[in-house]
Amino acid sequence: MTLEQGLMVAAVILLIAVLASKVSARVGVPVLLLFLGFGMLIGSEGIGGVYFDDPHLTQSVGVVALVVILFAGGLDTRWSEVAPILKHGLLLSTVGVALTAFTVGVFAAWVLGLSLAEGVLLGAIISSTDAAAVFSVLRGNGVRLRGQLKSILEFESGSNDPMAVFLTLGMIQLATGQVDSPISLLPMFVLQMSIGVGLGYAFGHAALFLVNRIRLEYDGLYPVLTLSLMMLTFGATSLALGNGFMAVYVAGLVMRRSDFIHRRSLIEFHDGLAWLMQIIMFLTLGLQVFPSQVAAIAPQGLVIAVFLILIARPLSVFVGLLPVQMSLRERIFIAWVGMRGAAPIILATFPLVAGIPSANLIFNVVFFAVLASVALQGTTLSLVARWLGLIADDPIREPGLLPQLIEQGRIEDNTVEIEVGPDCSMIGKQVLELKLPPDTLLVLISRQNEIVVPRGTTVLEAHDRVLVLAAPQHRDEVIQMLTAQTRISLPAAGMD
């Protein structure tokens with residue numbers, strides 16, 4: 001395949017993936033299912049016939065993608081929404097994940113004839129949830145959850161992946177004899193999480209300092225700066241024996257709590273990058289799968305998936321959330337929302353790389369269980385939310401004009417502040433006499449520490465500072481008309 005052909009194939013794949021996300025929102029099927037299916041379709045046993053069997057490369061792609069996704073998730077998490085439900089999320093991402101791993105592990109060891117260590121390894125791999133897919137389905141159906149459910153599920157999905165990674169690696173060490181007993185994993189857990197949170201907090205503040213103080217000459221370099229800091233956070237934390245996944249998520253949270261230069265555009269950049277990495281990751285995981293092997297373990301995989309959905313997840317939610325106040329209906333919905341996603345499939349490659357004897361069986365069972373979870377829970381979320389009466393009275397609506405302009409950055413791009421020069425020919429004229437270009441509006445005038453709301457009869461005076469909303473193609477013309485002595489860009493809107 002030539003370079004040109006390769007680029008065309010990559011472009012077509014990305015285009016199909018983007019269009020698939022639109023279709024998934026309309027039909028209520030999580031986009032994860034479509035991406036994985038497309039990867040299997042072009043794989044070695046699909047119509048594409050692309051042979052791929054490289055667990056090491058699949059794991060590397062998955063780890064990089066997970067780092068990008070977690071950082072973007074932290075950067076997109078509003079701390080004002082997280083703070084009230086911090087206890088709920090932490091209980092679900094620690095106690096809930098551990099209970100899920102143990103209960104599924106014991107059941108899987110019995111069903112599949114594995115050792116207890118290998119069974120709990122499978123349980124650890126499948127213990128994390130993917131709430132991001134949940135909200136793509138809910139948004140596609142135009143519904144909004146009541147209360148703090150959305151914040152709880154989003155925080156859980158971002159904070160439970162590091163716990164699942166730790167349990168997976170710990171159980172691999174236990175299964176391979178690198179550690180003697182599960183009790184020896186406890187000090188390792190405390191150490192890794194403490195280092196991860198501490199370095200994530202430190203790197204988050206260091207990133208804020210650099211982004212705000214370095215004053216780069218080219219705006220396009222700021223995404224490169226934050227991307228490099230994200231990778232540095234993960235790498236340095238991992239080398240320091242901490243949990244790098246926790247570190248990048250915490251770093252993103254720390255940055256989101258404060259204002260920084262190009263805040264909105266950087267958040268959008270990392271969100272877009274996270275989507276790209278999800279597409280690449282899902283396609284790679286789909287290629288790694290051999291459908292005939294997955295079909296061979298379908299009965300066992302279905303039994304484990306049903307146990308996970310109907311017993312293990314509800315048990316972990318109800319036990320984990322015992323210390324907090326919450327209605328029964330909300331607990332039931334959180335239990336049902338425990339949809340599995342990309343993280344378990346990525347973690348299922350770890351036993352393959354480690355050479356665990358039952359690694360292929362574990363990978364295929366996890367893959368089938370994830371597909372079953374997505375297909376069953378993902379297509380019924382809105383129905384269950386309505387049945388439980390957890391849909392807000394007003395559906396999700398498109399934001400108003402002003403929020404749209406702020407989100408798109410058009411307020412910042414189209415607004416300019418001009419000081420009226422002392423020799424300007426417009427001094428003494430009324431606003432209606434200025435003959436401003438089309439689509440141009442004088443928003444307000446600052447005059448000797450007073451704010452003047454301009455009317456048609458308002459007269460311009462020397463040294464007035466005029467805030468003008470103008471189309472980009474007319475800004476220079478407006479500046480020339482008012483003979484601006486200075487031009488000051490508005491600061492980025494520091495709002496969540």
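Here are a few notes on three residues and a surface patch in this predicted model.

1. Let's start with Asn160, which sits in helix α8, the run covering residues 149-175. Its relative accessible area comes out at 0%, so Asn160 is buried. Leaving aside residues up to four places away in sequence, Asn160 touches Ser93, Val97, Ser128 and Thr129. Those are the contacts to pull up if you want to look around this side chain.

2. Next up is Leu273, part of helix α12, which takes in residues 263-288. Is Leu273 buried or exposed? Leu273 counts as buried because its relative accessibility is 17%, and the cut-off for buried is under 20%.

3. Staying with Leu273, its contacts are Val68 and Leu227, again not counting residues up to four places away in sequence. The pairing with Leu227 spans 46 residues in sequence, while the C-alpha to C-alpha distance between Leu273 and Leu227 is 9.8 Å.

4. Now for the surface. Which residues make the nonpolar surface patch of about 320 Å²? Val95, Leu315, Val319 and Leu322 do.

5. One member of that patch, Val319, belongs to helix α14, which runs over residues 298-320. Val319 has 35% relative accessibility, so it counts as partly exposed; that class lies between the 20% limit for buried and the 50% limit for exposed.

6. To put the accessibility values side by side: Asn160 is at 0%, Leu273 is at 17% and Val319 is at 35%. Asn160 is buried, Leu273 counts as buried, and Val319 counts as partly exposed.

Definitions and conventions. Residues numbered from 1 in each chain as written. Predicted model: local features only at pLDDT ≥ 70, side-chain atom pairs only at ≥ 80, totals over all residues. Heavy atoms only, no water. Helix = DSSP H or I, 4+ residues; strand = E, 2+ residues; numbered from the N terminus. Buried < 20%, exposed > 50% of the residue type's maximum accessible area, 1.4 Å probe, protein only. Contact = heavy atoms within 4.5 Å. Patch = residues over 30% accessible without salt bridge, like charges linked within 9 Å, V, L, I, M, F, W, Y side chains within 5 Å. Areas by Shrake-Rupley, 256 points an atom, 1.4 Å probe, with all protein chains shown as cover. Salt bridge = Lys/Arg side-chain N within 4 Å of Asp/Glu carboxyl O.
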